[in-house]
Each structure stands twice: as structure tokens, then as C-alpha cells.
Amino acid sequence: MITDGNTLKPAWSVPDSVRAISTTRAGGLSRAPWDTLNLGDHVADEPADVQENRERLAGFMGIDSARIGWLNQVHGTRVVELVPDNVGRITEADASFTRHPGIACAILTADCLPVIIADSEGAVVGAAHAGWRSLCGGIIENLVSAMAVAPERLQAWLGPAIGPESFEVGPEVRDAFLKHNPEAAGAFKIEGARPGHFMADIYALASSRLNHLGVFNVTGGGLCTVQDSDRFFSYRRNGQTGRMATVIWLSA
């Protein structure tokens, strides 16, 4: 079963009404290579096992499983607002936010960066799937804009993702970020194993995007899903594997 010992909780100062966790790979019943708490329903795992894992997550969170807003993530930049009428019926989006207590914004990852955001009043929360394509395309900017809160009133937490010692990218990735902001060059090191490639720090890239928006209260980062195989799924490490979830919600 899911326990406090196999989940991560943000170290941030938010109102008591804001709840958030990030799962690890432990606490479920899926078999290898999805062992054990796979929450992704698109990775060829047994559907019944995934559903039971999601029920376990909902039980641990203390909410109805039907109120978790799973998204069909496509590495895009679309943001949706979760309300009672649309939870569970979202087609394609890579970020969500809600003002409704008891509805959870959920992001699935296995190397991509999950970013969760809450306002200082505990009135609105959001979550973004910030893989490099979505991050470069503006998913964080779109989420902050949609939440419609002054940036200085927002706090962000960066969940487990591929670390800078494991994230080798081609020059086209670096070029795409530099077109948005030349200062992003500091997040790339010319140390790739392949000639002309770079080691990228997705945590630094996301923090920079948030800071440019005026969101300076940013915590989290410093983990690596690739290197920590005991705790995390990693697509880059294993290919076929499960998905963790990072979820944020307002208590009812």
C-alpha cells in the first residue's frame, strides 16, 4: 500500500488547505517492468492493475478517485481548468488548474518535469507537465497566466525529473531555449557523450522561466529519475516502464 514513506511531499510554505504529493514507484501491484505503483494507463500495463493503483492513490489522498483530473498529455502547451463537470473527460492537455476543493490536478511523468503551483491564499492550485518541448513552448507561462494570480503570490515546487548529469540533448534543444532567452545558455554544458550534444539542467530551465514571470518562490529539484532506480520510473533508463504522479489539490 501507499505510505508516507514512499511518497514525496513538497517542502514549501503554503496554506493548510493546499495538499500535494509526488509518488514513487513503490506501493502498487503492477508487475515488472511497471513495478509497482504504475499510474499510467497508456504504457501497456494491465488496465485492472493501473485502476487499482489509482484507487490506492485516491485512498491515500483521502479523495474520490473520480475527482483526480488525469490528462491525456501530449507534450503540448494547452492548459485546462478542472471543474466538477469536466474531471475525467479532458482530451489533450499538459497542465491543469482548479479553484474547486476536492478536485486534484495530476501530472504523470517518468523523466519529464512535474511543476506544481499554489497561491498564497490557498484559492487556486495548478500542475504542469514540463518536458522540454512543453517547457520550451511555454506551458509554465500559460499555466501562470490561466491561474490569474499576481506572480508574487505564487509558489512553485519542482518534482522528480531527469537530472543534469543524465539529460543529454541535441543542439536543436539548446537552440530552441536560447531563442526564447539567451540566458538559458547557462543551463547547458558541452559535456555530452555524443559530439555536439549538451547536458541540460531542466530544473534550472524551469526555475528561470518561473523567475522571468515574477515567481521567485521556487523549491524542489535536485533529484534524478534516471539514476535513482529504486524510487523512480525512468523512460530514458528503461524504455518500457511505469509512470509516477505528482498531484495537488485543495482540501474540501
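These legends accompany an overview and several close-up views of a predicted model.

**Figure 1. Overview of the predicted protein model.** The protein has six helices and 14 strands. Its radius of gyration is 17 Å, close to the 18 Å that the globule rule gives for 252 residues, so the protein is as compact as a globular protein of that length. Along the principal axes, the C-alpha atoms fill a box of roughly 50 × 45 × 30 Å. Buried residues account for 55% of the 252 residues. The accessible surface comes to about 10600 Å². Carbon and sulfur atoms contribute 49% of that surface. Contacts between residues at least 6 apart in sequence were also sorted by separation: 64% of them join residues at least 24 apart.

**Figure 2. Strand β5 and its two faces.** Strand β5 covers residues 95-98. A95 and F97 point one way from the strand. S96 and T98 point the other way. Each of these four residues is buried. In this view, follow the side chains of A95 and F97 first, then those of S96 and T98.

**Figure 3. Strand β5 with its partners β4 and β8.** Strands of a sheet pair through backbone hydrogen bonds, in either a parallel or an antiparallel sense. Strand β4 (residues 79-81) runs parallel to β5, and three bridges join them. Within this pair, V80 stands opposite S96. Strand β8 (residues 125-130) pairs with β5 in the antiparallel sense. Four bridges connect β5 and β8. One position to look for is F97 of β5, whose bridge partner in β8 is G126. F97 and S96 point opposite ways from β5.

**Figure 4. Strand β9, an enclosed strand.** How many of the five residues of β9 are buried? Five of the five are, so strand β9 (residues 154-158) is largely enclosed by the rest of the structure. Both faces of the strand are covered. L154, A156 and L158 lie on one side. Q155 and W157 lie on the other.

**Figure 5. Strand β9 with its partners β7 and β13.** Strand β7 (residues 113-119) pairs with β9 in the antiparallel sense over five bridges. Here V115 stands opposite L158 of β9. Strand β13 (residues 217-220) runs parallel to β9. Four bridges join β9 and β13. Among the paired positions is Q155 of β9, which has N217 of β13 as its bridge partner. L158 and Q155 are on opposite sides of β9, and both are buried.

**Figure 6. A three-stranded open sheet.** The strand order is β10-β12-β11, with antiparallel pairing. β10 (168-169) and β11 (188-189) stand at the edges, each with a single partner strand, so one side of each is left without a neighbour in the sheet. Strand β12 (residues 198-200) pairs with β11 over two bridges. In this pair, K189 stands opposite M199 of β12.

**Figure 7. Salt bridge between R25 and D35.** Side chains of opposite charge can pair when their charged atoms come close. The count for this protein comes to nine salt bridges. One of them joins R25 and D35, with the closest N and O atoms 3.2 Å apart. The two residues are 10 apart in the chain, and both lie in the loop between β2 (18-23) and α1 (47-61). Is R25 buried or exposed? R25 has a relative accessibility of 13%, so it counts as buried. D35 has a relative accessible area of 30%, which makes it partly exposed.

**Figure 8. Salt bridge between R56 and E52 in helix α1.** The closest N and O atoms of this pair are 3.3 Å apart. R56 and E52 are separated by about one helical turn because they are four residues apart in helix α1. R56 counts as buried, at 17% relative accessibility. E52 counts as partly exposed, at 32%.

**Figure 9. Salt bridge between R209 and E141.** Which helices does this pair link? R209 sits in helix α5 (residues 202-213), and E141 sits in helix α3 (residues 139-147). The two residues are 68 residues apart, so the pair links distant parts of the chain. The closest N and O atoms are 2.9 Å apart. Both R209 and E141 are buried.

Conventions:
Residues are numbered from 1 along each chain as its sequence is written. This is a predicted model: local features need pLDDT of at least 70, side-chain atom pairs count only at pLDDT 80 or more; totals for chains, interfaces and linings use all residues. Side-chain values use heavy atoms; hydrogens and water are left out. Buried means under 20% relative accessible area, exposed over 50%, partly exposed in between (1.4 Å probe, protein chains only). Two strands pair if DSSP finds at least two bridges between them. A salt bridge is a side-chain nitrogen of Lys or Arg within 4 Å of a carboxyl oxygen of Asp or Glu. The radius of gyration is taken over C-alpha atoms; the globule rule is 2.2 Å times the number of residues to the power 0.38. Contact means heavy atoms within 4.5 Å. Accessible areas come from the Shrake-Rupley method with a 1.4 Å probe; for residues, only the protein chains shown count as cover.
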